[in-house]
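Trainee: I would like to learn how to read charged residues in a model. Where do we begin?

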Amino acid sequence: MGSATHTLEAPLVPPLVLGIESSCDETAVALVRGNRVIVAQAIASQEAEHAPYGGVVPEIAARAHAERLAPMLEKVMAEAGVALADVDAIAATAGPGLIGGVMVGLVSAKALAMASGKPLLAVNHLEGHALSPRLADGELAFPYLLLLVSGGHCQILAVEGVGQYRRLATTIDDALGEAFDKTAKILGLGFPGGPAVERLALEGDPKAVPLPRPLKGAKEPHFSFAGLKSAVLRAVESGAHAPADIAASFQQAAVECLIDRLELALDTAGPFPALVVAGGVAANKTVRAALEALAAKHAMRFTAPPLALCTDNAAMIAWAGCERLAQEGEGFAGDPLDFLARPRWPLDPAAEAVRGAGYKA
Ligand code: KG4
Ligand code: ZN
């Protein structure tokens, strides 16, 4: 800590890292420099392929990654005018996520690392999300309190340094993005549901439908959204409420749960100089506004990466690679080429396993 290399400002030519992301339904490639410059990037969403099924189908995802990744790698490198020889390391998501897709990205990264003799960096997807705010905000220093909310994850983490994460809370059932997606499905809004629920909620009354706030006020630190989702289903089936009111009331209940759990995390592990939100649900404006207010109340700095960095992307994976290179310093050989893809990979291995948390752990 505090060494010249740790600040990332010291090297004359900041390292260039190629990043690959393929853990869910986005195929993404990016070139990022250690001075926080995204040199080039491409992202291909598989929304159209999965939409008919109302969720991500793992086999379809893996196949789509396999078809798209090689041409995207070529395009990004060509666009940037960068050859493999110019890259300092190759970073790929190695988990957690849908294993078929993760393997496609990781195997490609291994092949490139082997062909070029450059280090392979096997990146934890959650670490990509956890560090992405520092790519967007050069002033954001450790430690910070991170709310990671996406389709697969719902956690509160104390981010104390690169590779130093303390999980303070996780979900005992659904992730928040999953709850948004299921609510959208129940309301017949299509997939992915988060943005659709947010749009519909704009026209609704957040107080109109009485919905539960699972675990609000509980001493245990975790999240639970399964009961909220079931209550949404009952509200729809009752026929007594306008869909916009249900969407707005769902969003309001979810936000209150987030704030309540964050207040508890601050009580038990705080104070923190900064509050940071990452993951796809961070795109939600009501969520952002509530977090901003919470940060102001506790005199914390508030950072949310730009939307394109909140949802799955490869720039965050390349950036996590840059952070690791800076931390390890000269002579770092990278991860072994036989590093296996991990369907589950908790950021904080010391955290107790939580029933139902799945790969959200
Ligand atoms: O981080 P992400 O792209 O992928 C995962 O790792 O899961 O997050 C996607 C999730 C989906 O569940 C999506 O519905 C949700 O983020 N999401 C939103 C919004 N935009 C995306 N949820 C609520 N409001 C939004 N505006
Ligand atoms: Zn993600």
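Mentor: Begin with the term buried: under 20% relative accessible area, with exposed over 50% and partly exposed in between (1.4 Å probe, protein chains only). A salt bridge is a side-chain nitrogen of Lys or Arg within 4 Å of a carboxyl oxygen of Asp or Glu. Lys and Arg count as positive and Asp and Glu as negative; His and the chain ends are not counted. This is a predicted model: local features need pLDDT of at least 70, side-chain atom pairs count only at pLDDT 80 or more, and totals for chains, interfaces and linings use all residues. Residues are numbered from 1 along each chain as its sequence is written, chains are lettered from A and ligands numbered from 1 in the order in which they are written, and side-chain values use heavy atoms, leaving out hydrogens and water.

Trainee: Which side chain of opposite charge is nearest to Asp173, and how far away is it?

Mentor: Lys229, at 7.1 Å; Asp173 is buried and has no salt bridge. The side chain of Asp173 does reach the backbone nitrogen of Ala226 at 3.1 Å.

Trainee: How many salt bridges does the structure hold?

Mentor: There are 14. One of them joins the side chains of Glu67 and Arg63 (3.2 Å, N to O), and both residues are exposed. Another pairs Arg213 with Glu256, their closest N and O atoms being 2.9 Å apart. That pair links distant parts of the chain, 43 residues apart.

Trainee: Which residues are linked in a network of salt bridges?

Mentor: Asp174, Glu178, Lys182 and Lys229. Within it, the side chains of Glu178 and Lys182 meet at 3.6 Å, N to O.

Definitions and conventions. Polar contact = N/O pair within 3.5 Å; in protein donor to acceptor, adjacent residues only side chain to side chain. Helix = DSSP H or I, 4+ residues; strand = E, 2+ residues; numbered from the N terminus.
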